[in-house]
Amino acid sequence: MSNNKKEKIFSQLRKDLVSGTWVIYSTERKKRPDFSKEKAAKKESAEDLKKCPFCKENILDQEKDLLVYLKKNKDWSLKVFPNKFPALCANYKNINNREHGPFEVIDGVGHHEVLVTEDHQKDIPEMEIERVAEVIDAYQDRYLALMNKRHIKYISIFKNYGCEAGASLKHPHSQIMAMPVIDPDVFRSLSGSENYYKSHLECVHCVMIEWEKESGKRIIFENEEFVAVCPFVSRVPFEMRIYPKRHLSYFERITDEQKIKLAEAMKFCLSKLKKNLNDPAYNLFLHTAPCNGQAYDHYHWHFEIFPKTNIWAGLELSTGIEVCSVIPERGAEMLRE
Ligand SMILES: [Zn+2]
Ligand SMILES: [Zn+2]
């Protein structure tokens with residue numbers, strides 16, 4: 001397949017009539033590398049390492065790097081490139097929004113990128129603070145590059161760690177997805193914050209942060225700019241949120257000093273998770289104001305960390321109510337230790 005004659009991928013978004021949830025259907029995703037539980041548990045051999053598609057030797061020929069950070073010796077330390085198995089198709093001119101019977105259907109247009117750091121063995125807990133800040137800097141860089149592209153309404157930045165969390169490769173990486181819709185989870189978070197703001201004239205997150213700082217029970221980490229807590233209403237054991245202490249709505253405006261402070265918080269939380277809880281799989285993601293041209297000054301951006309410690313069973317699926325086996329105060333205590 002030549003570069004200029006790219007096969008158009010199939011991707012479509014369908015909206016549920018009752019819940020308003022969007023689902024992406026993408027045929028590309030099933031071609032991803034297999035990373036089974038057995039494979040993940042096995043120690044990697046030198047042979048496995050040689051085959052890692054994100055290791056330096058193997059991605060020299062990456063056809064189109066979107067971002068490269070170089071070290072003093074001209075070797076790269078971080079790279080962003082298009083996901084080889086995208087859930088959304090970047091090769092678009094127009095977006096086709098149509099009805100299908102009573103349903104709403106949208107072409108799966110958008111951008112799906114992968115961010116890779118150089119060292120196969122060093123993830124955030126093992127990285128130097130400056131390197132973690134570099135990852136955050138790259139998140140911002142790509143966010144700014146994608147936010148004004150046509151049809152893009154929301155940019156999701158996330159990291160899956162471990163096969164139970166959906167990672168298909170061991171090599172440390174994050175993903176950036178620019179989407180034509182605002183995803184339902186973010187929508188709930190936005191409208192909940194807006195409703196609270198309207199009735200209390202205060203940011204709900206600022207109120208929670210203040211209260212957590214007074215109580216101290218669920219705080220895991222704090223520096224001048226950020227605070228990490230196990231939320232009072234955690235959905236899973238050891239759930240964590242990292243908030244800027246000041247009321248900030250737009251992640252893309254983060255300053256260089258704040259990046260260092262956020263890197264400290266992120267490294268601390270993920271190191272504790274790894275050491276104190278025997279290295280569980282987790283998902284880390286950003287919640288920030290959408291980039292659909294509207295103002296979201298009532299929103300307060302933050303990162304969430306969801307360790308994969310719960311399995312969604314009948315109760316959770318039927319009612320959305322989760323049963324959490326660890327009380328957040330105890331969770332925070334175990335993480336701080
Ligand atoms: Zn690798
Ligand atoms: Zn706030």
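**Exercise 1.** Leaving aside neighbours within four places in sequence, which residues is Phe251 in contact with?

*Solution.* Keep in mind that this is a predicted model. Start at Phe251 and skip its neighbours within four places in sequence: the contacts are then Ile136, Tyr139, Gln140, Tyr143, Ile157, Leu286, Thr288, Trp301 and Phe303. Next, pick out the rings: Phe251 belongs to one aromatic cluster with Tyr139, Tyr143, Phe226, Trp301 and Phe303.

**Exercise 2.** Find the largest nonpolar core and work out where it lies with respect to the two domains.

*Solution.* Begin with the core itself: the largest one has 52 residues, and Ile155, Ile242, Phe251, Leu262, Met266, Phe303 and Ile305 have the most contacts inside it. Then look for the top contributor, which is helix α3 (residues 129-146), giving 8 residues. Now bring in the domains: domain 1 (11-183) and domain 2 (185-336) both supply residues, so this core lies between them. Don't stop there, though, as another core of 20 residues lies apart from it, with Met179, Val181, Ile182 and Phe285 among its members.

**Exercise 3.** Sort two of the aromatic pairs by geometry: stacked or edge-to-face?

*Solution.* A search of the whole structure turns up 11 aromatic pairs. Take Tyr161 and Tyr282: their ring centres are 4.9 Å apart and the planes sit at 20°, so call this pair stacked, since planes under 30 degrees apart count that way. Where are the two in the chain? Tyr161 is in strand β8 (residues 154-161) and Tyr282 in strand β13 (residues 282-287), 121 residues apart. Both Tyr161 and Tyr282 are buried.

Now Trp301 and Phe303: with centres 6.2 Å apart and planes at 90°, the pair is edge-to-face because the angle is over 60 degrees. Check burial too: Trp301 has 1% relative accessibility and so counts as buried, and Phe303, at 0%, counts as buried as well.

**Exercise 4.** Trace the open sheet of 10 strands, then say which helices pack on it.

*Solution.* Walk across the strands in order: β3-β4-β7-β9-β8-β13-β14-β12-β11-β10, with antiparallel pairing. At the edges you meet β3 (67-70) and β10 (219-222), each with a single partner strand, so one side of each has no neighbour in the sheet. On average, neighbouring strands are turned by 15° against each other, direction ignored.

Zoom in on one pair: β4 (residues 76-82) and β7 (residues 111-117) run antiparallel over 5 bridges, and Lys79 stands opposite Val116 in β7.

Finally, add the helices. Helix α5 (residues 204-215) packs on the sheet and touches β10, β11 (226-229), β12 (240-244) and β14 (302-307), its direction making about 105° with that of β12. Helix α8 (residues 328-336) also packs on the sheet, touching β10 and β12, with its direction at about 50° to that of β10.

Methods: Residues numbered from 1 in each chain as written. Chains lettered and ligands numbered in written order. Predicted model: local features only at pLDDT ≥ 70, side-chain atom pairs only at ≥ 80, totals over all residues. Heavy atoms only, no water. Pairing = 2+ DSSP bridges. Helix = DSSP H or I, 4+ residues; strand = E, 2+ residues; numbered from the N terminus. Axes fitted to C-alpha atoms, helices over the stretch in contact; angles between N-to-C directions. Contact = heavy atoms within 4.5 Å. Core = buried A, V, L, I, M, F, W, Y, C linked by side-chain atoms within 4.5 Å. Buried < 20%, exposed > 50% of the residue type's maximum accessible area, 1.4 Å probe, protein only. Domains from an automatic or database assignment. Phe/Tyr/Trp six-rings, centres within 6.5 Å; stacked < 30°, edge-to-face > 60°.
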